[in-house]
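Student: Please give me a close look at one thing here: the enclosed empty space. I want to know what lines it and which elements supply the lining.

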Amino acid sequence: MPVRYNEETRTFHLTDGSRFSMVLRAAEDPAGGLTLYQDYWGAPVADGALAYLNHTGSRELASFDQALQLPLFAYPTSGRGDYRPAALRAVGADGTDCAILHYTGYEIVPGKPALKGLPAAYVEDEKEAETLIIRMQDDKTMLQVELLYTVMTDLHVLTQSVRLINGGDSLITLHDPASCCVSLRGEYDMLHLHGAWAKERSVERAAPMHGVREIVSCRGASGHQHNPFVAMTEKDTTEFHGNCWGLCLVYSGSHRMLAEQNDYGYTRIMGGVSQCAWRLEPGEEFQTPEMLMVYSGEGLNGMSDTFHRLIRTRVCRGVWRDKVRPVLVNNWEGTYFNFDTEKLLGIARKGAEIGAELFVLDDGWFGKRNNDDCSLGDWVVNEEKLPGGLKLLADKVNEMGLMFGLWFEPEMVSPDSDLYRAHPDWCLHVADRPRSQRRRQLILDMSRRDVQDYVINAVSSVLSSANIGYVKWDMNRNFAEAGSALLPPEQQGEVHHRYMLGLYRVLEEITSSFPEVLFESCSGGGGRFDAGILHYMPQTWTSDDTDAVERLFIQYGTSMAYPVASMGAHVSAVPNHQVGRITSLEMRGHVAMSGNFGYELDLTRLPEEEISLMKEQVAFVKKIRTLTQKGRFTRLASPFEGRFAAWQFSDETQDELLVGVFQRYATANAADTFIRLRDVDETSWYQDDQGRRWHGSALRHVGLEANFERMPDAASLVFHLKKEKL
Ligand code: GLA
């Protein structure tokens with residue numbers, strides 16, 4: 001059983017049986033009664049093995065601190081003498097903030113309960129998981145806390161979320177209730193993914209030191225700046241070896257993730273929503289987002305592989321979850337706003353010629369939108385630009401054998417739009433303050449039901465008007481003056497989270513009404529790349545930076561938590577529009593085929609040699625995409641650390657491998673470099689598409705030669721290997 005309870009010691013042992021254990025224990029609270037402690041999370045231990053530990057805070061000399069700095073509270077609250085960052089601040093009607101959570105009982109249920117209104121990992125069969133619900137209560141305010149821990153056995157994952165219920169008869173205000181809190185013994189590095197527009201998810205690893213290392217988004221989106229993912233690693237943990245603990249929040253809004261190291265040898269880590277002051281009236285409940293928790297004893301690659309499988313198969317949903325993704329052509333960098341039907345059909349026709357399967361019409365098809373000044377909110381086709389409307393265009397594209405896809409930015413409104421003129425209070429704003437614009441747009445107040453319904457209807461009616469098989473759902477600015485006209489003053493602190501609940505409702509409705517449509521999310525590129533959004537839309541546009549060299553960093557960092565099948569990656573024109581770099585079509589293709597492959601340039605302006613190389617590229621992508629989208633991805637060499645980036649894909653049986661090796665810059669008289677593969681059958685011979693042979697043992701222990709002699713900056717080598725059958 002994944003959840004085992006020992007009545008005598010009141011200990012809960014959660015384990016998948018092979019990769020991890022978490023041990024929780026109900027024991028005396030320093031303030032009297034029982035509370036819940038988290039004794040351990042890490043490699044598997046035997047039942048009862050940790051009985052000798054005592055973390056209830058009775059170390060005598062520590063009492064000089066007059067603080068509860070030792071107990072490993074499973075859900076610490078503020079104001080009670082535990083001076084570390086709290087998982088919860090719960091302010092009672094008397095204005096005080098010192099909830100003391102007493103353990104009141106537990107329940108073990110098969111499967112995994114869904115979280116009301118929020119995305120979460122799910123099971124398809126109850127046998128896949130078991131859930132422990134621990135109940136606690138603050139006797140003064142009667143705040144009831146339920147900690148939900150699920151062991152997803154075959155996926156080797158633990159999830160946690162928290163339900164808070166006001167069981168009393170007066171108001172309780174919750175401040176940033178965390179989704180999980182974990183203590184680890186010892187000192188660690190914290191690895192996180194930081195960035196900005198066009199340079200998302202750079203890998204940074206540093207010790208929290210003594211004190212707190214915290215990443216926060218107060219943007220109303222998970223953001224380009226700090227992805228809601230952290231990994232704690234031991235000092236000597238590498239991609240291939242050592243212990244690490246990954247936390248990935250299933251949430252797309254404002255969040256916080258932190259690690260605190262104290263002087264008693266413990267590191268506390270936690271994460272959840274931020275910018276949230278939530279009034280919980282008697283009888284009401286608040287559900288936190290879910291945290292996906294992965295322990296790996298096999299380095300960062302081991303952790304990433306577990307996250308990839310989980311997110312790809314039990315966070316993403318819908319018919320596209322398991323289908324190979326179409327090769328697309330998007331017109332954005334090819335035309336920007338400057339297109340008409342003829343131009344678009346010309347690009348689509350070339351797309352069909354090279355073997356693409358989906359043509360995507362990006363921004364600029366609606367209202368009066370010929371630049372980014374206007375019309376967001378007016379989701380009506382611009383017939384001047386596209387006579388005959390979307391139906392005619394979609395039909396013509398379909399006749400060429402391609403699916404037709406469309407861009408939307410449904411959460412936004414331009415001040416110059418009919419929607420804004422009719423409903424100036426539908427955007428997030430604060431009365432008597434200016435409304436700050438970014439990209440000349442404001443954000444619709446998705447916390448309002450009428451706004452949610454407007455968006456559902458507007459998008460649905462466009463989707464019903466033509467044969468649209470794909471939607472790119474964009475979100476190009478972050479919150480400022482985030483007030484809601486409908487909420488009373490005392491509830492304005494709920495806007496960030498209410499926005500997300502509203503957005504998730506909209507996405508649930510639209511994606512279930514149009515189950516065949518492939519949705520790709522976007523937020524100025526990868527500004528909302530998280531496990532929450534992937535629940536509704538199985539892929540995300542990774543970054544507006546399409547330069548192949550920059551993409552090595554971005555895709556490498558993204559892969560720490562997110563599967564390759566979730567990353568949109570396109571070949572664009574050179575000189576590249578973001579950095580001006582010229583890279584070969586071959587290299588651009590090799591980088592893009594390490595994600596959901598597509599082209600984003602004006603195909604009608606390319607020389608015939610490039611078109612014929614593209615035909616070869618597309619044929620090759622079709623051959624390898626099951627492997628890249630569903631196989632195991634392993635990072636082999638980091639672009640953050642040297643001249644090369646390298647990664648490999650392998651299928652379950654190690655019959656087929658794809659290895660990409662990328663030289664960022666050339667150097668004379670370079671040292672010999674060999675890239676050692678990981679996931680390879682060491683007893684078999686492999687052959688590549690050119691008939692070259694390597695033995696698996698050599699691939700593993702000596703490696704493929706990264707021979708870039710006399711090759712320029714930004715060069716790539718791709719090896720497609722198949723095991724020889726005896
Ligand atoms: C954002 C997206 C781009 C493109 C533009 C259109 O920047 O990330 O891919 O869709 O919007 O305005």
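Tutor: Start with the term. A cavity is a set of points, on a 1 Å grid over the protein atoms alone, where a 1.4 Å probe fits but cannot get out; a lining residue has an atom within 4 Å of such a point. This is a predicted model, in which local features need pLDDT of at least 70 and side-chain atom pairs pLDDT 80 or more, while totals for chains, interfaces and linings use all residues. Numbering runs from 1 along each chain as its sequence is written, and side-chain values use heavy atoms, without hydrogens or water.

The structure holds nine cavities of 30 Å³ or more. Volume here is the space filled by probe spheres set on the grid points.

Take the largest cavity. Its volume is about 80 Å³. Helix H1 (299–314) gives the largest share of the lining, four residues. They are Asp305, His308, Arg309 and Arg312. Helix H11 (608–630) brings Thr628, Gln629 and Lys630. Strand E32 (632–637) brings Arg632 and Phe633. Pro563, Val564 and Gly631 also line this cavity. Helices (H or I, at least four residues) and strands (E, at least two) are DSSP runs, numbered from the N terminus.

By class, this lining has five charged, four polar and three nonpolar residues. Asp, Glu, Lys and Arg count as charged; Ala, Val, Leu, Ile, Met, Phe, Trp, Tyr, Cys and Pro as nonpolar; the others, Gly among them, as polar. The charged ones are Asp305, Arg309, Arg312, Lys630 and Arg632. The nonpolar ones are Pro563, Val564 and Phe633.

Now the second largest cavity, at about 60 Å³. Strand E30 (567–572) gives the largest share of its lining, four residues. These are Ala569, His570, Val571 and Ser572. Helix H9 (548–558) supplies Ala548, Arg551 and Gln555. Helix H10 (585–592) supplies Arg588, Val591 and Ala592. Thr546 is in the lining too.

Here the classes run to five nonpolar, four polar and two charged residues. The charged ones are Arg551 and Arg588. The nonpolar ones are Ala548, Ala569, Val571, Val591 and Ala592.

Stay with Arg551. It also lies over the face of Trp541, 4.7 Å from the ring centre. That label needs NZ of Lys or CZ of Arg within 6 Å of the ring centre and within 35 degrees of the ring normal. So Arg551 takes part in two features: the lining of the second largest cavity and the contact with the face of Trp541.

Methods:
On a 1 Å grid over the protein atoms alone, a cavity is a set of points where a 1.4 Å probe fits but cannot get out, and a pocket is an open set with protein on both sides within 12 Å along at least five of seven lines; lining residues have an atom within 4 Å of a point.
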